[in-house]
Each structure stands twice: as structure tokens, then as C-alpha cells.
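User: I would like to go through this model step by step, with each answer reasoned from the coordinates. Please take the questions in turn.

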Amino acid sequence: MTSLPGLLLGALILALIELDETAAGQFMISRPIVLGPLAGAAFGDALLGGGLGLLFELFSLVDPPVGGYLPINPSVALSGALLFSASGGGPTPAGFALGLVLGWIHGLLETTLRRRRVSTARRAEKRLAAGEEPRLMIAAAVELARQAAFTFFLLAAAVLVRRAFLQGWLPQPWWLSAGLRAGLALAPWIGLGALCRALRLA
Amino acid sequence: MPRAEAGVTRAAMSRSTERSVLARSLLLQSCWNQERMQNLGFCLAIEPWLRRLYSGKRERLEALSRHQAYFNTNPYMAPLTLGMVCALEREAAGAAGEERQARFRRIAALKVAAGGALAGIGDALFWGALRPACAAAASLTGLVLWRFGARAAPFAMAAVYLLFFNAATAATRCRGLRLGLEWGEDIAARMKALPWQGWIRKTRRAGGMLAGALLAAALLWAPARLRLEGMAGFLAYTIAARVTGAAASPARFYAACCALGGLAALAGWWR
């Protein structure tokens, strides 16, 4: 699953699974700690997937998506990191950082999408006022498809960054690599701190 | 016992309607919007019941219009509110004239109040206690199995998380709809009688013990060089979080560590 079409297919599947994060079901299949090992195995490295999944899971514990607040999306972060790093891709420290950036962008885009959905709600209200069926199931399906589509484009960007990195088109300053390695070395301990904070131990 | 009255049927909720309402409640957040939050999701979920309750199109669409108002709750607690509203809608459908209008107004007020109160409980229990506790249990399982060379360690970690979290939430969802239907307007008094705070405290305590064991295992099994760095990172993040509160998110702290690492590399202290 590491050829370009394979990675894009993986991005599509991961984008559909991401809907479980906040939009539909919330059975926790999209949580990094669950998705990591499964997606990692699909890309040929379950241990890398498990490790990255564990880190993103711990990072996301103190910031639940409650009310209208959307933090860094951990599912997108993990998917982006795996699409970049898995099976001979870019280095894991860079993948972890890229994942966090993609998760943050996804939060911003989803906030915009939620703002746009006000018009969907008003449309349903107008139809009801006119004595027509509000077509709620169609509205839900359209909104889910829209969200899956923009998640896919975001994850496809991770695949393109991977290609650019492997082709040597991206500059790799040594000091940046060193900084990202330092960050990743400390990430498990920061994650443990976040876990203790989420449980109000620290 | 169906009672035909100007396009209104007073019916009991059948198993198939119950399943349909429950299945549609899984899409509660699919149309989440900034203005009225889960209003469309709520309408989507309650639609099968309104279809059964009101045989006439006009009455059904009017009922759906009433549920277009603001609504927001925790997704795992939503079936409780849905059940309550279904029970109240059934009673209101059986009433007539001014009494019926008064019941509709009461449903609107109770729906928002119950949604808000249940969101508080659900967020604290499922997001604030159960999720970190499940993460701690899953991480500890994965770490221990990985330490002893089990190849299935990542999958065991995923299975533990899914099993623990979904056992609790599936039970709440499935029982929630029935309890809401059974309790109706008494939901506030019945919910008050349940030891929610005790459950939250116990879940957090269990999660705390697992997190302590996880931290001890990580320190014990980490390479000696990483042990000191790791403990320093853990303490630095914990102190920063205490001092700055919500501003010290793990991602921001990680970004600061990356920046410091890069600067240290430029200064020649780190390679």
C-alpha cells in the first residue's frame, strides 16, 4: 500500500474513518490509539503506527472537542504522520510534526464547515415552513461527504509532501532535523504529563 | 393502543422505531452548526417516532419545526434526552387545544434543560474520566506486552481501548433511550438519584492508578540516558501546565521543545 495510488486509497479510507471522530458514531475507531496499529499494519509497520497512535492519543487527552471547540484533530494528525512516514517514507520526527500541523489545519477547516452548515439548517427550516419535507437524511449525507472530502484533500497533501521529500525537493536543514528529533524524544514524556493532567493527578 | 384523532396516532414505541431512533442518533453531530448546534441531528433522530406518532404530514412537519430550535448535549447522553422527548411528545399528541400547546412549550424548555445538564455529566464522565482511563489501561497493556516481546502488543492496545470505552458508552446509549422513554418528565429527579459524581471519581481514581503504573513502567524500562531527559520533560510540562493552565497544550510544549532543540543544535550543544 506504499505506491502513490495505494497511499491515496489509504488517505481516502482514513478520511472516511475520521468521520467517527466527531461527526458520526463516535465509536472511537478513529482514535489514534486504535487507528494507529490498524493503519500502521495496512502500511506495513504496525509498531510505528502503534507508537505514533499512542503519542497522538496522549497529546489529545487534555483537549476534548466539547461544545463548539475543535482542538487539533488527533485522527487526522495520526493519518498524516503515517502517510508521510510509513514504509520507507520521510523521517518519523518530521512526520509527527507534519501530523500535528495537519490536525491543526483540520480543526480550522472544520470550524469553517460548521459555520457554513448554518445555511443547511436554515434551508431545512425554510422547507418545513413551506410545508415540504426537510430531507434531513440527504442533508446529513451531504455534510458527511463534504467533511470526508476535505479531510481526504488534507491527507493527500501529506502524500504529496512525502513524495516531495523523497525526491529531495524539500530542503532539510540539519538544525531543523535535530530540533524535531529532540521534540519527538520528549513527546512520550509530555504525553504522560498530559495523561496525568487529564486525570487531574498533576 | 392507537387512537386516531385528527391525524394523530397515540402509539407505543415499537422495537423497529426504537432501533431506528437509536441508529439515527449516531448521526446527531453530522450537521453540527455554529448557530443551533445539534438541532438538525436531533430532528433526524426523532423523525421516525414523529412519523409514527403523527400520521398526517402537516402535524409531523409542525412537530419537526418545533425541534428546529437550539439543542446541544453529549453524544452518549443524547438517547436519554431523545427518550424523554419521545415520551413527552406522545403525551402532548394525546392532548388537545390549549393544553397541547402548553405541553409543546414545556417539551421545548425541558429538552434544552435536560440536554445541558446531561452534557455536563456526560462530558465529565466520558471525556474527562473514561477516555483518559481507557488510554492509560490501553497504553499500559501495550507497553507491558511490547516489553515482553509480544508482536500483537499494538493490536492488544487498540482492543483494550475499544472494549472498555465502547462497553460503557454502548450500554449508556442503548439503556438511555429506554430509560428516557420510561422516565419522561421525571428524568431530572431520576438522574439526580444516580451516583454520577461517585462514578466519575472512581473512574478517575482507576485511571490515576493505571497512569501511575504506566509512568513507573516507562521510567523503569527506558534506556538510562533517556530516563533523565524524560523525567525532566515530564516535570517541565507538568509545571508549565500548572503555571499557565490551558495555554500549555502538549502540542505547544512539544513545539517549544523542537525550537529549543534546534537552537541547541545551532549552538553546538545537541546533534
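User: Is M28(A) buried or exposed?
Analyst: The model is a predicted one, and the residue in question sits in the loop between α1 (4-22) and α2 (32-42) of chain A. A residue counts as buried if 20 or more other C-beta atoms lie within 10 Å of its own. M28(A) has 20 other C-beta atoms within 10 Å, and therefore M28(A) is buried.

User: What is the phi of M28(A), which is not a glycine?
Analyst: Most residues other than glycine have a negative phi. M28(A) departs from that pattern in the loop between α1 (4-22) and α2 (32-42) of chain A, since its phi is positive although it is not a glycine, at about 75°.

User: Where is M37(B) found, and how many other C-beta atoms lie within 10 Å of M37(B)?
Analyst: M37(B) also is not a glycine and has a positive phi, of about 50°. Its place is the loop between α1 (15-25) and α2 of chain B. M37(B) is buried there, and the number of other C-beta atoms within 10 Å is 23.

User: Which residues does Y161(B) touch, not counting residues up to four places away in sequence?
Analyst: Y161(B) is among the residues with the most contacts inside the largest nonpolar core. Leaving out residues up to four places away in sequence, its partners come from both chains: in chain B they are C134(B), A135(B) and A138(B), and in chain A they are M28(A), R31(A), I33(A) and V34(A).

User: How many residues does the largest nonpolar core have, and which helix gives the most to this core?
Analyst: The residues with the most contacts inside the core are L58(A), L192(A) and L195(A) from chain A, together with I46(B), A135(B), A136(B) and Y161(B) from chain B. Its total is 133 residues. With 15 residues, the helix that gives the most to this core is α5(B).

User: Why does this core lie between domain 1 and domain 2 of chain B?
Analyst: The domain assignment of chain B gives domain 1 (4-114) and domain 2 (222-271), and their C-alpha centres lie 50 Å apart. The core lies between them because residues are given to it by both domain 1 (4-114) and domain 2 (222-271).

User: Which helix gives the most to the side of chain B that touches chain A?
Analyst: In the contact between the chains, 67 residues of chain B meet 75 residues of chain A. At least two residues of the chain B side are supplied by each of α2 (39-53), α3 (57-66), α5 (97-147), α6 (153-183), α8 (196-221), α9 (224-244) and α10 (250-266). By class, that side has 40 nonpolar, 19 polar and 8 charged residues. With 11 residues, the helix that gives the most is α10(B).

User: What radius of gyration does chain A have, and what does chain B have?
Analyst: A compact globule of 202 residues would have a radius of gyration near 17 Å, which agrees with the 18 Å of chain A, whose C-alpha atoms fill a box of roughly 65 × 45 × 30 Å along the principal axes. For the 271 residues of chain B the compact globule would be near 18 Å, but the chain does not follow this, and its C-alpha trace spans about 85 × 35 × 30 Å along its principal axes. The values are thus 18 Å for chain A and 25 Å for chain B.

User: How many of the 15 residues of α3(A) are buried?
Analyst: Chain A has 7 helices and 0 strands, and 54% of its 202 residues count as buried. Helix α3 of chain A, residues 46-60, reaches 21 Å from its first C-alpha to its last, close to the 21 Å expected at 1.5 Å a residue. This helix is mostly covered, and the number of its buried residues is 14.

User: What separates the C-alpha atoms of A124(B) and I200(B)?
Analyst: A124(B) is found in helix α5 of chain B and is partly exposed, with 18 other C-beta atoms within 10 Å. Not counting residues up to four places away in sequence, A124(B) touches A129(B) and I200(B). Although A124(B) and I200(B) are 76 residues apart along the chain, the separation of their C-alpha atoms is 7.1 Å.

How values were computed
Residues numbered from 1 in each chain as written. Chains lettered and ligands numbered in written order. Predicted model: local features only at pLDDT ≥ 70, side-chain atom pairs only at ≥ 80, totals over all residues. Contact = placed C-beta atoms within 7 Å. Helix = DSSP H or I, 4+ residues; strand = E, 2+ residues; numbered from the N terminus. Nonpolar A, V, L, I, M, F, W, Y, C, P; charged D, E, K, R; others polar. Expected span 1.5 Å × (residues − 1). Buried ≥ 20, exposed ≤ 12 C-beta atoms within 10 Å, placed from the backbone. Core = buried A, V, L, I, M, F, W, Y, C linked by C-beta atoms within 7 Å. Domains from an automatic or database assignment. Rg over C-alpha atoms; globule rule 2.2 N^0.38 Å.
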